[in-house]
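Student: I've got a model open in my viewer and I'm not sure how to read it. Could you walk me through it, one feature at a time?

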Amino acid sequence: MSTDPGAAAFAGRPWFAANELLAFAVESAALACLAWWGFSTGHGWLPHVLLGVGTPLLAIVIWALFAAPKARLRPGLPVVLLVKAVVLGGGAAAVHGVGHPVAAVVMAIVVVVNTAVAETLRRGGPTAPAGPRDATGPAESRSPESG
């Protein structure tokens, strides 16, 4: 059994764990897409390197300050969502910028759905959602009424 306190949040919540894994993949993909765009933009090696390294680095700094689970500055939900929209949406815009508009739309849809589900599940806390066990539990414990 794991002694990690973070693991308790995932116990009995496979959809939460899967969505968190998808969120990490989307965040990583956004950084890779920003780098891809940066290395493809401009003329000459200097702009390629500066944008290819600088753009994802700036996104990482902004994310770490405002949107990460252990962010240094933890603003309210509207600011967190704004930062996520800029960084993750920037990744989708970067895919469009390198000439793949359909992939950019798909990425944007995945970003919006994943972020909405992640924020909803995170705000719900670590308790397991109501399931069939909760719906049938009280009814089974009641005695039938006689008529």
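## Reading the model together

Tutor: Happy to. Keep in mind that this is a predicted model. Let's begin with the overall build and then move in.

Student: Okay, how many helices and strands are there in the protein chain?

Tutor: Six helices and zero strands. From the N terminus on, the elements run α-α-α-α-α-α.

Student: And what share of the residues is buried?

Tutor: Of the 147 residues in the chain, 24% are buried. Another thing to look at is which parts of the sequence meet. Among contacts with a separation of 6 or more, 53% are between residues 24 or more positions apart.

Student: Let's take one helix. How does the reach of α3 compare with what is expected for its residues?

Tutor: Helix α3 covers residues 45-66. Its 22 residues reach 32 Å from first C-alpha to last, close to the 32 Å expected at 1.5 Å a residue.

Student: Which residues of α3 are buried, and what do they pack against?

Tutor: Gly52, Thr55, Pro56, Ala59 and Trp63 are the buried ones. They pack against α2, residues 14-40, and α4, residues 77-97.

Student: I also see His48. Where does it sit, and what does it touch?

Tutor: His48 is in α3. Leaving out residues up to four places away in sequence, His48 touches Gly38, Phe39, Ser40, Thr41 and Gly42. Zoom in on Thr41: the His48 side chain reaches its backbone oxygen at 3.2 Å. You can also check a C-alpha distance here, since His48 and Trp36 are 12 residues apart in sequence and 9.5 Å apart in space.

Student: Now α5. Which residues are buried there?

Tutor: Ala104, Met107, Val111, Asn114, Thr115, Ala118 and Glu119. The buried residues of α5 pack against α2 and α4. As for its reach, α5 has 23 residues and spans 33 Å from first C-alpha to last, close to the 33 Å expected at 1.5 Å a residue.

Student: Let me try α2. Why does Asn19 count as buried?

Tutor: Asn19 lies in helix α2. It counts as buried because its relative accessibility is 10%, and the cut-off for buried is under 20%. Not counting residues up to four places away in sequence, Asn19 touches Asn114, Val117 and Ala118.

Student: And Ala32, what does it count as?

Tutor: Ala32 is also found in α2. Ala32 is at 45% relative accessibility, so it counts as partly exposed. For a distance across the chain, try Ala32 and Val95: they are 63 residues apart in sequence, with C-alpha atoms separated by 9.8 Å.

Student: How do I find empty space in a model like this?

Tutor: Rolling a probe the size of a water molecule over the atoms shows where empty space is left. Here the count comes to one cavity of 30 Å³ or more. The largest cavity has a volume of about 40 Å³.

Student: Which residues line the largest cavity?

Tutor: Ala23, Glu27, Trp63, Lys84, Leu88, Asn114, Thr115, Ala118 and Arg122. Helices α2, α4 and α5 each supply at least two of the lining residues, and α5, residues 101-123, gives the largest share with four residues. By class, the lining has four nonpolar, two polar and three charged residues.

Student: What about the largest pocket, how much space lies in it?

Tutor: About 380 Å³. The lining has 15 residues, and Glu20, Pro69, Lys70, Arg74 and Arg122 lie nearest the centre. The elements giving two or more residues to that lining are α2 and α5, and α2 gives the most, with five residues. By class, the pocket lining has six nonpolar, no polar and nine charged residues.

Student: Arg74 is on that list. Where does it lie, and what does it touch?

Tutor: Arg74 lies in the loop between α3 and α4. At 45% relative accessibility, Arg74 counts as partly exposed. Leaving out residues up to four places away in sequence, Arg74 touches Phe66, Ala67, Ala68, Val80 and Arg123. Look at Ala68 in particular: its backbone oxygen lies 3.0 Å from a polar atom of the Arg74 side chain.

Notes:
Residues are numbered from 1 along each chain as its sequence is written. This is a predicted model: local features need pLDDT of at least 70, side-chain atom pairs count only at pLDDT 80 or more; totals for chains, interfaces and linings use all residues. Side-chain values use heavy atoms; hydrogens and water are left out. Contact means heavy atoms within 4.5 Å. A polar contact is a pair of N or O atoms within 3.5 Å; within protein, one must be able to donate a hydrogen and the other to accept it, and residues adjacent in sequence count only if both atoms are side-chain atoms. The expected span of a helix is 1.5 Å times one less than its number of residues. Buried means under 20% relative accessible area, exposed over 50%, partly exposed in between (1.4 Å probe, protein chains only). On a 1 Å grid over the protein atoms alone, a cavity is a set of points where a 1.4 Å probe fits but cannot get out, and a pocket is an open set with protein on both sides within 12 Å along at least five of seven lines; lining residues have an atom within 4 Å of a point. Grid points are joined across faces, edges and corners, and a volume is the space filled by probe spheres set on the points. Ala, Val, Leu, Ile, Met, Phe, Trp, Tyr, Cys and Pro count as nonpolar, Asp, Glu, Lys and Arg as charged, and the others, Gly among them, as polar.
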